[in-house]
Amino acid sequence: MGEEAASTDQSQDAQEPHGEQQPTDWEAKYREAVSHSREWEKRAKDNKAAADELQQLKESQLSESEKAVMRIRAEDMARERQ
């Protein structure tokens, strides 16, 4: 529904009743894009925090032998990258 409203607004903004084109408000479009970007940035940070919290919870539930295996795997992966 929001997309339909946006598309009709764009077509109405494109021309005035006398067929003259209105200038594009680039500053408003920029502010809208920045706002949208900030919204997604906040979502990404929230998701990262939740993922980190989940990882800590999982690690806290591991036994000592499982933790040792995970450390060895991490070291092996680090060596492969080099």
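**A friendly walk through a three-helix model**

1. Let's start with how far to trust what you see. The chain has an average pLDDT of 83, and 78% of its residues score at least 70. This is a predicted model, and its confidence varies along the chain. Helix 1, covering residues 2–14, has the lowest confidence with a mean of 51, while helix 2 has the highest, at 95. Please keep that contrast in mind as you look around.

2. Next, the overall layout. The chain contains three helices and zero strands. Reading from the N terminus, the order of elements is α-α-α. Helix 2 takes in residues 26–60, and helix 3 takes in residues 64–81.

3. How much of the chain is buried? Of the 82 residues, buried ones make up 0%. The chain exposes about 8000 Å², and carbon and sulfur atoms supply 51% of that area.

4. Now to the charged side chains. Side chains of opposite charge can pair when their charged atoms come close. How many salt bridges does the structure hold? There are nine, and the next points look at some of them, beginning in helix 2.

5. Glu41 is a good residue to find on screen. Its side chain meets that of Arg38 in a salt bridge, with 3.6 Å from N to O. The two residues are three apart in helix 2, so about one helical turn separates them. Glu41 is partly exposed, at a relative accessible area of 35%, whereas Arg38 counts as exposed, with 53% relative accessibility.

6. Glu41 has another partner as well. Lys45 forms a salt bridge with Glu41, and their closest N and O atoms are 3.6 Å apart. Here the spacing is four residues in helix 2, so Lys45 and Glu41 are again about one helical turn apart. Lys45 is exposed, with a relative accessible area of 54%. Put together, Arg38, Glu41 and Lys45 are linked in a network of salt bridges.

7. Further along helix 2, look for Lys48 and Asp52. These residues form a salt bridge whose closest N and O atoms are 2.8 Å apart. Both lie in helix 2, four residues from each other, which is about one turn of the helix. Is Asp52 buried, partly exposed or exposed? Asp52 is partly exposed, with a relative accessible area of 35%.

8. A word on aromatic rings. The structure holds zero aromatic pairs. A ring does take part in a contact with a charge, though: which residue has its charged end over the ring of Trp40? That residue is Arg43, whose charged end sits 4.5 Å from the centre of the ring.

9. Finally, a stop in helix 3, where you will find Arg79. The side chain of Arg79 makes a polar contact with the side chain of Asp76, at 2.8 Å. Arg79 counts as exposed, at 54% relative accessibility.

10. To recap for a second look: begin with helix 2, where the confidence is highest, and trace the network that links Arg38, Glu41 and Lys45. Then move on to the salt bridge between Lys48 and Asp52, and finish at the contact between Arg79 and Asp76. Treat helix 1 with more care, as the confidence is lowest there.

Conventions. Residues numbered from 1 in each chain as written. Predicted model: local features only at pLDDT ≥ 70, side-chain atom pairs only at ≥ 80, totals over all residues. Heavy atoms only, no water. Phe/Tyr/Trp six-rings, centres within 6.5 Å; stacked < 30°, edge-to-face > 60°. Lys NZ or Arg CZ within 6 Å of the ring centre and 35° of its normal. Salt bridge = Lys/Arg side-chain N within 4 Å of Asp/Glu carboxyl O. Buried < 20%, exposed > 50% of the residue type's maximum accessible area, 1.4 Å probe, protein only. pLDDT = per-residue confidence, 0-100. Areas by Shrake-Rupley, 256 points an atom, 1.4 Å probe, with all protein chains shown as cover. Polar contact = N/O pair within 3.5 Å; in protein donor to acceptor, adjacent residues only side chain to side chain.
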